[in-house]
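Visitor: I should like a close look at a single part of this protein, chosen from its interior if possible. Please explain what surrounds that part, and then how it fits into the whole.

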Amino acid sequence: MAKIEAAFVEEFLSLADGAVAQGWHEANAGNLSYRMPPEQIDGISGSFRQGAWEPLGLAVPGIAEQFFFITAAGSYFRDMRADLEHNAGVIELDDAGTHYRVRWGFSEGRRPTSELFMHMLCQEAKMIASRDANRIIYHAHPANVNALTFVLPLTSTAFTRELWTTISECAMVFPRGIGVIDWMVPGSRELAVASAEALEIHDAVVWPHHGIFCAGDTFARAYGLLSTIEKASEVAVKVRSMTTAPLNRISKEDICKINEAYALGIPPELIAAVFQ
């Protein structure tokens with residue numbers, strides 16, 4: 001199988017290497033999809049093969065006929081650099097957005113991630129919400145984010161308040177706050193629909209007692225978003241381990257000052273809801 005020589009491959013491998021070093025991908029945990037722009041497809045199409053069309057299990061007409069680089073079911077992020085063709089691949093959607101076929105990768109009969117339809121629903125929702133800017137959907141299992149799902153109310157306002165008031169940069173990195181949904185069976189259609197709906201508003205969605213889904217227009221931004229959320233979560237976990245009544249904290253007024261100083265565009269009603 002011909003290797004893909006493209007800049008986005010190294011960007012993905014850098015993300016995978018960094019995420020593994022952070023401890024976000026135990027065993028075969030996590031997955032990632034990248035919606036490829038036309039110019040990148042043209043540059044690697046000589047490596048493509050003609051796979052058979054297979055049902056996607058749902059319809060995503062908004063991203064019909066698009067190509068995606070996506071991780072394989074059962075793949076380990078730590079093995080990506082050593083054997084990318086085995087652990088990831090490129091798929092193409094048909095003109096109705098109801099079927100896909102493999103165009104590269106997934107060697108030895110491997111298939112796209114078992115959460116494929118979840119990625120496609122979220123890719124469609126985020127592409128529409130971002131006016132075609134978003135390209136990355138990334139799922140990982142950061143420990144401190146997960147830990148907070150045991151002690152915080154499972155609401156967007158509770159998580160956003162906890163993280164915005166922990167590290168000053170959080171409001172800058174995710175000014176739309178962070179989404180949180182109820183616990184649902186991993187890989188289920190229910191989880192996919194809820195995640196896609198949350199990503200219409202937010203760039204990150206917490207899955208209680210499981211992990212997080214992050215979106216971004218580049219690999220670096222998706223990784224940076226997750227690393228910021230996890231760092232703030234780590235600080236929150238450490239503070240909570242020391243005291244139930246911190247002496248100091250970023251205030252509502254501080255967030256308003258950050259919003260004005262950096263022209264973040266956080267709506268006043270969102271700030272009011274987070275700090276109610």
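Guide: Helices and strands are here runs assigned by DSSP, at least four residues long for a helix and at least two for a strand, and they are numbered from the N terminus. Please keep in mind that the model is predicted. By that count, the protein contains 11 helices and 9 strands. Its radius of gyration is 19 Å, close to the 19 Å given by the globule rule for 276 residues, so the protein is as compact as a globular protein of that length. The C-alpha trace spans about 60 × 35 × 35 Å along its principal axes. Of the 276 residues, 53% count as buried, a term that stands for under 20% relative accessible area.

The part I propose is strand 8, and it is best to begin with its place in the sheet. The sheet is open, has 9 strands with mixed pairing, and follows the order 2-5-4-3-1-6-9-8-7. Strand 2 and strand 7 stand at its edges with a single partner strand each, so one side of each is left without a neighbour in the sheet. Strand 8 therefore has strand 9 on one side and strand 7 on the other in the order of the sheet. As a general principle, the strands of a sheet pair through backbone hydrogen bonds, and they may do so in parallel or antiparallel fashion.

Strand 8 covers residues 204-207. Ala204 and Val206 point one way from this strand, Val205 and Trp207 point the other way, and all are buried. With strand 7, residues 179-180, strand 8 runs parallel, and 2 bridges join them. Valine 180 has valine 206 of strand 8 as its bridge partner. To get from strand 7 to strand 8, the chain passes through helix 8, residues 189-199, and this β-α-β crossover is right-handed.

On the other side, the pairing with strand 9, residues 211-216, is antiparallel and has 4 bridges. Here valine 206 stands opposite isoleucine 212 of strand 9. Valine 206 thus appears in both pairings, with valine 180 as bridge partner and with isoleucine 212 opposite. Strand 8 and strand 9 form a hairpin with 3 residues between the strands, and histidine 209 in this hairpin takes a positive phi near 55°. Most residues other than glycine have a negative phi.

Helices also belong to these surroundings. Among the buried residues of helix 8 are Leu191, Ala194, Ala198 and Leu199. The buried residues of helix 8 pack against helix 4, strand 6, strand 8 and strand 9. Helix 9, residues 219-242, lies across strand 1, strand 6, strand 8 and strand 9, and it runs at about 140° to strand 9. Methionine 242 belongs to helix 9. This residue has a relative accessibility of 67%, so methionine 242 counts as exposed, the cut-off being over 50%.

Strand 4 offers a useful second example elsewhere in the sheet. Of the 6 residues of strand 4, 6 are buried, so this strand is largely enclosed by the rest of the structure. Both of its faces are covered, with Ala88, Val90 and Glu92 on one side and Gly89, Ile91 and Leu93 on the other. Strand 3, residues 67-71, runs antiparallel to strand 4, and 5 bridges join them. Within this pairing, phenylalanine 69 stands opposite valine 90, and threonine 71 stands opposite alanine 88. Strand 5, residues 99-105, is likewise antiparallel to strand 4 and joined to it by 5 bridges. Leucine 93 has tyrosine 100 of strand 5 as its bridge partner. The hairpin of strand 4 and strand 5 has 5 residues between the strands, and in it glycine 97 takes a positive phi near 70°.

Two further residues can be compared with histidine 209. Phenylalanine 106 lies in the loop between strand 5 and helix 4, and its phi is positive, near 50°. At 2% relative accessibility, phenylalanine 106 counts as buried. Alanine 263 lies in the loop between helix 10 and helix 11, and its phi is also positive, near 50°. Alanine 263, however, counts as exposed at 67% relative accessibility.

Finally, let us return to the protein as a whole. Among contacts between residues at least 6 apart in sequence, 73% join residues at least 24 apart. The protein exposes about 12,200 Å², and carbon and sulfur atoms supply 52% of that area.

Note on methods:
Residues numbered from 1 in each chain as written. Predicted model: local features only at pLDDT ≥ 70, side-chain atom pairs only at ≥ 80, totals over all residues. Heavy atoms only, no water. Buried < 20%, exposed > 50% of the residue type's maximum accessible area, 1.4 Å probe, protein only. Pairing = 2+ DSSP bridges. Right-handed = clockwise from strand over helix to strand, strands pointing away. Rg over C-alpha atoms; globule rule 2.2 N^0.38 Å. Contact = heavy atoms within 4.5 Å. Areas by Shrake-Rupley, 256 points an atom, 1.4 Å probe, with all protein chains shown as cover. Axes fitted to C-alpha atoms, helices over the stretch in contact; angles between N-to-C directions.
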